[in-house]
Amino acid sequence: MRKDSPIRTLADLKGKKVAATKGTDPYLFLLRALKTAGLKRSDIEHVGLQHADGRAALEQGRVDAWAGLDRHMAASELEGGSRLIYRNVAFNTYGFLNVRDDLLATRPHETARVIKAYERARKWVGANQTEAARILAEEARVSLPVALLQIKLRSDFSNPQPSAEHVKALQLAAPILRDEALAKPGTDLDKVIADLVDTRFAQAFIARAYAMTTRSLDLPVPARGPALRMPLGLVAPGALLLAAEAGARSGLIPANLLPAPSEILRTLLYLAQNGLAAHVAASSVRVLAGFAAGASLAVVLGAAVALSRRTEALLDPTFQALRAIPSLAWVPLLLLWFGIDELPKLVLIAIGAVFPVYMGVVSGIRGVDRKLVEVARLYQLGRVALARRVLLPAALPALMTGLRNGLSLAWMFMVAAELIAASKGLGYLLSDGRETSRADIVLAAIVLLAVLGKASDSVMQLFEKHLLAWRDNHVERDAA
């Protein structure tokens with residue numbers, strides 16, 4: 001429950017919205033808990049949400065109660081102030097290490113190695129709970145207090161294998177599985193559960209496994225060969241391209257609506273031999289010119305607004321109103337004002353770039369630590385020196401984020417701009433492909449926009465790393 005909720009007991013849940021992921025352990029726990037209070041699922045309004053979404057819904061007041069995985073619930077308790085009104089360890093259905101019969105029969109040695117590793121880890125965690133909590137916090141991306149609560153108070157490492165108690169807990173949940181149609185009709189769930197739990201194979205290895213007494217867990221690091229590894233960023237587009245190619249070639253996807261990627265590649269090669277460079281150059285020049293103009297204006301105006309309350313009161317309301325206007329809404333007005341030459345295109349791209357950069361400058365300068373400014377004044381720094389040596393470096397992270405967002409929007413607004421009577425550019429290719437019903441040209445132009453946008457953002461990211469090399473921060477990344 002939320003910390004301010006009037007709900008105190010399970011009986012108070014009648015008629016309330018309760019979030020839980022159907023078919024999961026928390027869902028089964030919820031229904032069994034309701035039964036202890038004489039309630040059924042029909043007595044509450046069940047809201048099916050994933051565990052993290054359930055926590056967000058509870059803390060935002062969109063549901064009255066939530067049953068989720070213990071890790072998320074512990075985080076909500078410690079970080080969101082939520083209250084736990086019912087806990088019953090006897091209702092836990094637990095998680096087990098499972099193996100298929102065919103794998104056990106064909107790979108018994110590998111299975112034994114996994115069991116031994118689990119047993120060593122179990123004993124090590126029991127003897128080194130604080131260190132285990134640190135590892136859990138790092139790998140699961142949770143705070144250390146949440147990890148400590150999980151390891152020390154809400155985990156039991158005393159029993160390495162399922163016992164009769166665990167089997168009984170699963171069998172007691174069987175009626176709910178039948179009532180909720182989570183199992184096939186006629187299934188003897190008690191027998192299925194009893195047959196699934198077989199501890200004989202693991203017993204011998206657990207008995208021989210040695211306890212790990214050191215404070216660190218030394219795991220063998222696989223040798224890295226000279227083979228090239230595909231960047232992870234190429235996995236998703238690669239899989240999408242393969243699926244699209246297979247779908248188009250098999251006839252599942254109409255070729256006139258979504259041509260095969262190989263056909264789009266042929267179109268790109270044809271365009272490359274027939275003036276594609278001129279289209280790319282025209283669009284790139286427009287984006288660079290419009291972005292430079294818009295970003296320069298945004299930096300000046302953003303700094304003025306951030307440094308002066310009077311300027312903020314004068315300009316910021318207007319800027320926030322203009323920021324909400326869609327890009328296409330500017331097109332007719334710019335045509336009326338500037339005609340169909342290059343100027344309206346550049347102005348529209350500049351409009352797209354100006355607002356994210358403006359917001360980045362304002363938030364960056366406003367977010368400068370007041371203590372830094374006070375120290376600068378103690379050293380009697382003038383306004384220019386204060387801006388150059390304190391405000392600008394401290395605001396650079398937000399400014400660079402604004403510049404990157406502004407550059408992305410400049411490419412987006414460029415497409416709208418080139419719909420204004422353009423004879424060259426990627427936006428023109430998009431329009432030409434639409435008018436001639438050439439989906440391959442449209443998709444080729446989209447691919448080029450994606451590549452150019454990513455390339456320009458990567459350049460900006462390198463520039464950001466160079467400018468912000470002085471930062472002493474820690475960003476956790478999975479190296480795998």
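Buried, in this talk, means under 20% relative accessible area. Keep that cut-off in mind. The model on screen is predicted.

Start with the whole chain. The protein chain has 21 helices and 3 strands. Of its 480 residues, 35% are buried. Now the contacts. Take those between residues at least 6 apart in sequence: 70% of them join residues at least 24 apart. The surface next. About 29,400 Å² is exposed, and carbon and sulfur atoms supply 60% of that area.

On to salt bridges. How many does the count come to? The count comes to 16 salt bridges. I will walk through three of them.

First on my list, Arg-286. This side chain meets Glu-342 in a salt bridge, 2.8 Å from N to O. Where do the two partners sit? Glu-342 is in helix 17, residues 342-366, and Arg-286 is in helix 14, so the bridge ties together parts that are 56 residues apart in sequence. Is Arg-286 buried or exposed? Its relative accessible area is 7%, so Arg-286 is buried. That follows because the cut-off is under 20%. Glu-342 has 36% relative accessibility, so this partner counts as partly exposed.

Next, helix 5. Glu-119 forms a salt bridge with Arg-122, and the closest N and O atoms are 2.6 Å apart. Why are they about one helical turn apart? Because both lie in helix 5, residues 108-127, with their positions 3 residues apart in the count. Glu-119 and Arg-122 are both buried. There is a third member here. Lys-123 joins Glu-119 and Arg-122 in a network of salt bridges.

Now the start of the chain. Asp-4 and Arg-2 meet through their side chains in a salt bridge, at 3.5 Å from N to O. Asp-4 has 60% relative accessibility, so it counts as exposed. Arg-2 has 22%, so Arg-2 counts as partly exposed.

Aromatics. The count comes to 4 aromatic pairs. Look at Phe-29 and Tyr-86. Their ring centres are 6.1 Å apart and their planes are at 55 degrees, so this pair is tilted. Phe-29 lies in helix 1, residues 25-36, while Tyr-86 lies in the loop between helix 3 (70-80) and helix 4 (101-106), so the pair ties together parts 57 residues apart in sequence. Phe-29 is at 18% relative accessibility and therefore counts as buried. Tyr-86, at 24%, is partly exposed.

Then Trp-337 and Phe-338. The ring centres of Trp-337 and Phe-338 are 6.2 Å apart with planes at 85 degrees, so the pair is edge-to-face. Trp-337 counts as exposed, at 58% relative accessibility. Phe-338 counts as partly exposed, at 32%. There is also a cluster: ring pairs link Phe-319, Phe-355 and Tyr-358.

Last stop, helix 20. Which residues of helix 20 are buried? In this helix, residues 426-435, they are Leu-426, Gly-427, Leu-429, Leu-430, Ser-431 and Gly-433. What covers them? The cover includes helix 14 (276-307), helix 19 (383-417) and helix 21 (439-467). We met helix 14 earlier, as the home of Arg-286. One backbone detail to finish. Just after helix 20, Ser-437 takes a positive phi of about 55 degrees.

To recap the opening case: Arg-286 is buried, at 7%, and its salt-bridge partner is Glu-342. Questions, please.

Key
Residues are numbered from 1 along each chain as its sequence is written. This is a predicted model: local features need pLDDT of at least 70, side-chain atom pairs count only at pLDDT 80 or more; totals for chains, interfaces and linings use all residues. Side-chain values use heavy atoms; hydrogens and water are left out. Buried means under 20% relative accessible area, exposed over 50%, partly exposed in between (1.4 Å probe, protein chains only). Helices (H or I, at least four residues) and strands (E, at least two) are DSSP runs, numbered from the N terminus. Contact means heavy atoms within 4.5 Å. A salt bridge is a side-chain nitrogen of Lys or Arg within 4 Å of a carboxyl oxygen of Asp or Glu. Accessible areas come from the Shrake-Rupley method with a 1.4 Å probe; for residues, only the protein chains shown count as cover. Rings of Phe, Tyr and Trp (its six-membered ring) pair if their centres lie within 6.5 Å; planes under 30 degrees apart count as stacked, over 60 as edge-to-face and the rest as tilted.
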